Every structure is written in structure tokens, then in C-alpha cells.
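Please take a moment to look over this protein before reading on. A short guided tour follows it.

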Amino acid sequence: MLVTAETIDQLAWDKAESGLLPLIVQNAYSGKILMQGFVNQAALIKTFETGFVTFFSRSKQRLWTKGETSNHTLDLVELSTDCDSDSLIALAKPNGPTCHLGNETCWDEEGQPQLAFLSDLEQVIASRKGAEPESSYTARLYAKGVKRIAQKVGEEGVECALAATAGDKEELICESADLLYHLTVLLQSMDLEMNDVINKLKERHK
């Protein structure tokens, strides 16, 4: 269930030990679990007021906004609670590494969902825009323009179809990887993201 500034008091605060409920922060785009902390009502109020995920620090005994010293804030996208209203998940956009050790998350990469890699790949591909063509294959594709990138998407799509028709599963996997990669490059070249495609699929699914 979604939580808003108006429904904070409807959470199961009577179950909260020391007035605190657990809050897990998840990357709104990749699905990666970033960190876990605790919140009281004041922390949630400040989160909605500022747009930055704020916790109650048990060690400092005060409200603590993630990134208040490092500037690696967590921009709130959506807050929801479980069926018992005593545990929370915040979907957020991280501005830099979340872990105090300088890592993207407080968990090892092995503990993250497989599909999160597509988000990592998209970020790498996006970072190659404007780079020197000699620096990477992706940069060379960007330099050749949308028409050439679109042509590659078409070629890889045909290769996928041929592999499936031939019943070659391994080749289909390889060609599908090529297709996803080139499609991501094409979207980025048009200033679009995979999220735009996902949102369209969700819209059609309603």
C-alpha cells in the first residue's frame, strides 16, 4: 500500500519498538536493495517535506538524512508499506554510492537481482555518448548516428528470429544479448531509457 504524507499516522506505530519502523531503500530503476534503516513519524514527515529519504539514527539519537554530509542523497520516488503496515520500502533515486564504504549498495553484488544488470549496462552505455569513437565500440556506434544503430537493431532482430527458427537455443541467447545491447544504444541515442519502454508495457498491461 502506498504511503503519503497524509497517511503516516495510519501506520502500525503501536507495534513499533521504541517508536521505530524498519525502512528498506530500493533503487527505483534497477531494483537493487541499497540500505536499511529505521524511521519514526518525524523522519517520514521530513522525508516528504524535503524529498530526501530521512531516518532516525539510533546511534546519534536524532533525525538523519542520508547524504547530509556526503551529498549522496536518496531522492524519494515512492513509499509503501506491507500488509501489516509495520514495515516500509522506499523506492528512491540514489545520487552517488549509498554505502558508507563507497559502494553502490550496502550488500554484495551477488545478493542483487539478475535484471539489475540491465540498469548497470544502460548506465555504462549512456556514459559512452560523446566519447571519442576510438575509445569503445559503443562510442563508435554513437558516432555513426541513429540510422546505423537502427540498422544494427534490425540485423540482430533477424539473427534472433533465424536462431529460433533453427532451434539453436545457445545462438538465440547470444543474438538476444546483442539485440538488447544495440536496442539500449538506440534508445539512448534518441534520449530515451529502458524505463520509457517499461512504462509503456505497464500502461498496456492495465
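This report moves from the overall layout to the cores and then to some single residues.

## Overall layout

What you see is a predicted model. The domain assignment splits the protein chain into domain 1, residues 8–94, and domain 2, residues 115–205. Their C-alpha centres are 35 Å apart.

UniProt, in an unreviewed entry, lists residues 35–107 as "domain: Phosphoribosyl-AMP cyclohydrolase". In the model, this span is 14% helix and 38% strand. Its end C-alpha atoms lie 8 Å from each other.

## The nonpolar cores

In soluble globular proteins, nonpolar side chains tend to be buried together. Here, the largest nonpolar core holds 20 residues. Leu23, Val25, Val39, Leu44, Val53 and Leu88 have the most contacts inside it. Which elements give two or more residues to this core? They are the strands β1 (21–27), β2 (33–39), β5 (74–81) and β6, together with the helix α1 (41–50). There is also a second, separate core of eight residues, with Tyr142, Val153, Tyr181 and Val185 among them.

Leucine 88 is a good residue to click on. Not counting residues up to four places away in sequence, leucine 88 touches Val3, Leu11, Pro22, Leu23, Ile24, Val39, Leu44, Leu79, Ser80 and Thr81.

## Threonine 81

One of those partners, threonine 81, sits in strand β5. Is threonine 81 buried or exposed? Threonine 81 counts as buried because its relative accessible area is 9%, under the 20% cut-off.

The side chain of threonine 81 comes to 3.0 Å from the backbone oxygen of serine 87. Beyond its neighbours within four places in sequence, threonine 81 is in contact with Met1, Val3, Leu11, Asp86, Ser87 and Leu88. Serine 87 therefore appears both as a contact of threonine 81 and as the owner of that backbone oxygen, because its backbone oxygen is what the side chain of threonine 81, buried at 9%, reaches.

## Glutamine 112

Now look at the loop between β6 (88–94) and α2 (116–127), where glutamine 112 is found. Although it is in a loop, glutamine 112 is buried, with a relative accessible area of 9%.

Which residues does glutamine 112 contact, leaving aside its neighbours within four places in sequence? They are Lys32, Ile33, Thr105 and Trp107. Serine 176 is 64 residues from glutamine 112 along the chain, and the C-alpha atoms of the two are separated by 22 Å.

How values were computed: Residues numbered from 1 in each chain as written. Predicted model: local features only at pLDDT ≥ 70, side-chain atom pairs only at ≥ 80, totals over all residues. Heavy atoms only, no water. UniProt positions renumbered as here; feature names shortened; annotations may be inferred. Helix = DSSP H or I, 4+ residues; strand = E, 2+ residues; numbered from the N terminus. Buried < 20%, exposed > 50% of the residue type's maximum accessible area, 1.4 Å probe, protein only. Contact = heavy atoms within 4.5 Å. Core = buried A, V, L, I, M, F, W, Y, C linked by side-chain atoms within 4.5 Å. Polar contact = N/O pair within 3.5 Å; in protein donor to acceptor, adjacent residues only side chain to side chain. Domains from an automatic or database assignment.
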